[in-house]
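Subject: Handing over the structure, with notes on what was found

Dear colleague,

Here is the structure I promised to pass on to you. Please open it beside this email and follow the residues as they come up.

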Amino acid sequence: QVQVVESGGGLVQAGGSLRLSCATSESIFSINFMGWYRQAPGKQRELVAVITSSGTTNYGDSVKGRFTISRDTAKNTVYLQMNSLKPEDTAVYYCLVRTGINNWGQGTQVTVSS
(Lines give C-alpha, C1' and ligand atoms only; values in the text may rest on other atoms or scores of the structure.)
Protein backbone atom coordinates (compact mmCIF):
# COMPACT_ATOMS: atom_id res chain seq x y z
CA GLN A 1 0.00 0.00 0.00
CA VAL A 2 1.31 3.43 -0.95
CA GLN A 3 2.03 5.61 2.06
CA VAL A 4 1.35 9.33 1.87
CA VAL A 5 2.38 11.49 4.84
CA GLU A 6 1.73 15.22 4.95
CA SER A 7 3.03 17.85 7.31
CA GLY A 8 3.38 21.59 7.67
CA GLY A 9 -0.10 23.06 7.94
CA GLY A 10 -1.08 25.66 10.48
CA LEU A 11 -2.36 29.15 11.16
CA VAL A 12 -0.80 32.18 9.50
CA GLN A 13 -1.73 35.79 8.93
CA ALA A 14 -2.57 37.09 5.50
CA GLY A 15 0.58 37.88 3.56
CA GLY A 16 2.54 35.23 5.40
CA SER A 17 4.11 31.99 4.23
CA LEU A 18 3.89 28.30 4.97
CA ARG A 19 5.58 25.21 3.57
CA LEU A 20 3.86 21.87 3.25
CA SER A 21 5.67 18.57 2.86
CA CYS A 22 4.44 15.28 1.47
CA ALA A 23 6.48 12.11 1.70
CA THR A 24 5.63 8.86 -0.03
CA SER A 25 6.86 5.29 0.19
CA GLU A 26 7.09 5.16 -3.61
CA SER A 27 9.98 6.35 -5.72
CA ILE A 28 9.04 9.65 -7.34
CA PHE A 29 10.31 8.27 -10.65
CA SER A 30 7.84 5.38 -10.52
CA ILE A 31 4.69 7.46 -10.08
CA ASN A 32 2.64 9.43 -12.61
CA PHE A 33 2.55 12.62 -10.62
CA MET A 34 2.41 13.91 -7.08
CA GLY A 35 1.11 17.09 -5.60
CA TRP A 36 -1.50 19.05 -3.75
CA TYR A 37 -5.20 19.63 -3.89
CA ARG A 38 -7.30 21.59 -1.43
CA GLN A 39 -10.86 21.68 -0.24
CA ALA A 40 -12.54 24.55 1.54
CA PRO A 41 -15.83 24.10 3.44
CA GLY A 42 -18.74 23.82 1.04
CA LYS A 43 -16.51 23.74 -2.01
CA GLN A 44 -15.18 21.08 -4.33
CA ARG A 45 -11.64 19.82 -4.09
CA GLU A 46 -9.42 21.79 -6.45
CA LEU A 47 -5.96 21.56 -7.93
CA VAL A 48 -3.23 23.52 -6.18
CA ALA A 49 -0.04 22.20 -7.77
CA VAL A 50 1.36 18.93 -9.07
CA ILE A 51 4.69 17.73 -10.37
CA THR A 52 5.21 14.78 -12.69
CA SER A 53 7.91 12.14 -12.52
CA SER A 54 9.80 14.08 -15.20
CA GLY A 55 9.59 17.31 -13.22
CA THR A 56 6.87 19.10 -15.15
CA THR A 57 4.72 21.29 -12.92
CA ASN A 58 1.14 22.44 -13.16
CA TYR A 59 -0.59 25.03 -10.96
CA GLY A 60 -4.13 26.05 -10.26
CA ASP A 61 -4.92 29.52 -11.57
CA SER A 62 -5.58 30.96 -8.12
CA VAL A 63 -2.10 30.16 -6.81
CA LYS A 64 0.10 30.91 -9.82
CA GLY A 65 2.90 33.26 -8.92
CA ARG A 66 2.45 32.72 -5.18
CA PHE A 67 2.95 28.99 -4.63
CA THR A 68 5.87 26.85 -5.74
CA ILE A 69 6.02 23.08 -5.85
CA SER A 70 9.36 21.33 -5.65
CA ARG A 71 10.73 17.92 -4.85
CA ASP A 72 13.56 16.01 -3.26
CA THR A 73 13.87 12.79 -5.22
CA ALA A 74 16.28 11.27 -2.71
CA LYS A 75 13.62 11.60 -0.01
CA ASN A 76 10.59 10.87 -2.22
CA THR A 77 9.19 14.11 -0.90
CA VAL A 78 7.36 16.99 -2.50
CA TYR A 79 7.15 20.47 -1.02
CA LEU A 80 4.67 23.27 -1.48
CA GLN A 81 6.01 26.72 -0.65
CA MET A 82 3.09 29.05 -0.15
CA ASN A 83 3.79 32.79 -0.13
CA SER A 84 1.55 35.85 -0.02
CA LEU A 85 -1.18 33.78 1.58
CA LYS A 86 -4.74 35.06 1.45
CA PRO A 87 -7.77 34.21 3.60
CA GLU A 88 -9.26 32.45 0.57
CA ASP A 89 -6.36 29.98 0.69
CA THR A 90 -7.88 28.58 3.88
CA ALA A 91 -8.65 24.91 3.29
CA VAL A 92 -7.65 21.37 4.04
CA TYR A 93 -4.73 20.55 1.79
CA TYR A 94 -4.44 16.99 0.55
CA CYS A 95 -1.42 15.35 -0.97
CA LEU A 96 -2.06 13.07 -3.93
CA VAL A 97 0.30 10.40 -5.16
CA ARG A 98 -0.93 9.15 -8.50
CA THR A 99 0.20 5.69 -9.43
CA GLY A 100 -2.28 3.58 -11.33
CA ILE A 101 -4.79 4.88 -8.80
CA ASN A 102 -5.15 7.94 -6.60
CA ASN A 103 -3.46 7.67 -3.21
CA TRP A 104 -4.51 10.48 -0.90
CA GLY A 105 -3.00 11.70 2.32
CA GLN A 106 -5.06 12.43 5.40
CA GLY A 107 -5.04 16.18 4.81
CA THR A 108 -3.53 19.10 6.69
CA GLN A 109 -5.37 22.26 7.68
CA VAL A 110 -4.15 25.62 6.47
CA THR A 111 -5.86 28.65 7.98
CA VAL A 112 -5.08 32.19 6.86
CA SER A 113 -6.41 34.96 9.07
CA SER A 114 -7.22 38.42 7.77
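To begin with something you can look up yourself, which residue of β3 is the bridge partner of Glu6? In β3, Glu6 has Cys22 as its bridge partner. Please keep in mind, here and in everything below, that this is a predicted model.

The pairing of Glu6 with Cys22 belongs to the contact between β1 and β3, two strands that run antiparallel and are joined by four bridges. These two strands are part of an open sheet of four strands, whose order is β1-β3-β8-β7 and whose pairing is antiparallel. At its edges lie β1 (4–7) and β7, each of which pairs on one side only. If you ignore direction, neighbouring strands of this sheet are turned against each other by 15° on average.

A second place to look is strand β11, which covers residues 108–113 and has side chains that alternate along its length. Thr108, Val110 and Val112 point to one face and are buried, while Gln109, Thr111 and Ser113 point to the other face and are not buried. Strand β2 (residues 10–13) pairs with β11 in the parallel sense over four bridges, and within that pairing Val12 stands opposite Val112. Strand β9 (residues 91–98) also pairs with β11, but in the antiparallel sense and over three bridges, with Gln109 of β11 as the bridge partner of Val92.

Gln13 is found in strand β2, and with a relative accessible area of 61% it is exposed. Once its neighbours within four places in sequence are left aside, Gln13 is in contact with Val112 and Ser113. By contrast, a separation of 24 Å lies between the C-alpha atoms of Gln13 and Gln106, which are 93 residues apart along the chain.

Next come the charged residues. Side chains of opposite charge can pair when their charged atoms come close. The structure holds four salt bridges, and Asp89 takes part in one with Arg38, where the closest N and O atoms are 2.9 Å apart. This pair links distant parts of the chain, since Asp89 sits in the loop between β8 (77–82) and β9 while Arg38 sits in strand β4 (residues 33–39), 51 residues apart. Asp89 also forms a salt bridge with Arg66, and here the closest N and O atoms are 2.8 Å apart. This second pair again links distant parts of the chain, with Arg66 in the loop between β6 (57–59) and β7 (67–72), 23 residues from Asp89.

Are the two partners in that second pair buried or exposed? Asp89 counts as buried because its relative accessibility is 1%, and Arg66 counts as buried because its relative accessibility is 12%, given that the cut-off for a buried residue is under 20%. Arg38 is buried as well. Taken together, Arg38, Glu46, Arg66 and Asp89 are linked in a network of salt bridges. There is also a salt bridge between the side chains of Lys64 and Asp61, at 3.1 Å from N to O, and in this pair Asp61 counts as exposed because its relative accessibility is 66%.

The largest nonpolar core has 28 residues, and those with the most contacts inside it are Trp36, Leu80, Met82 and Tyr93. At least two residues of this core come from each of β3 (18–24), β4, β5 (46–52), β7, β8, β9 and β11, and β9 gives the most, with four residues. If you choose Leu80 and leave aside its neighbours within four places in sequence, you will find contacts that include Leu20, Trp36, Val48, Ile69 and Tyr93.

Finally, two loop residues deserve a careful look at their backbone angles. Asn76, in the loop between β7 and β8, is not a glycine and yet has a positive phi, near 50°. Ser84, in the loop between β8 and β9, is likewise not a glycine and has a positive phi of about 50°. Asn76 counts as buried at 17% relative accessibility, whereas Ser84 is partly exposed, with a relative accessible area of 42%.

With best wishes,
A colleague

Conventions:
Residues numbered from 1 in each chain as written. Predicted model: local features only at pLDDT ≥ 70, side-chain atom pairs only at ≥ 80, totals over all residues. Heavy atoms only, no water. Buried < 20%, exposed > 50% of the residue type's maximum accessible area, 1.4 Å probe, protein only. Pairing = 2+ DSSP bridges. Core = buried A, V, L, I, M, F, W, Y, C linked by side-chain atoms within 4.5 Å. Contact = heavy atoms within 4.5 Å. Axes fitted to C-alpha atoms, helices over the stretch in contact; angles between N-to-C directions.
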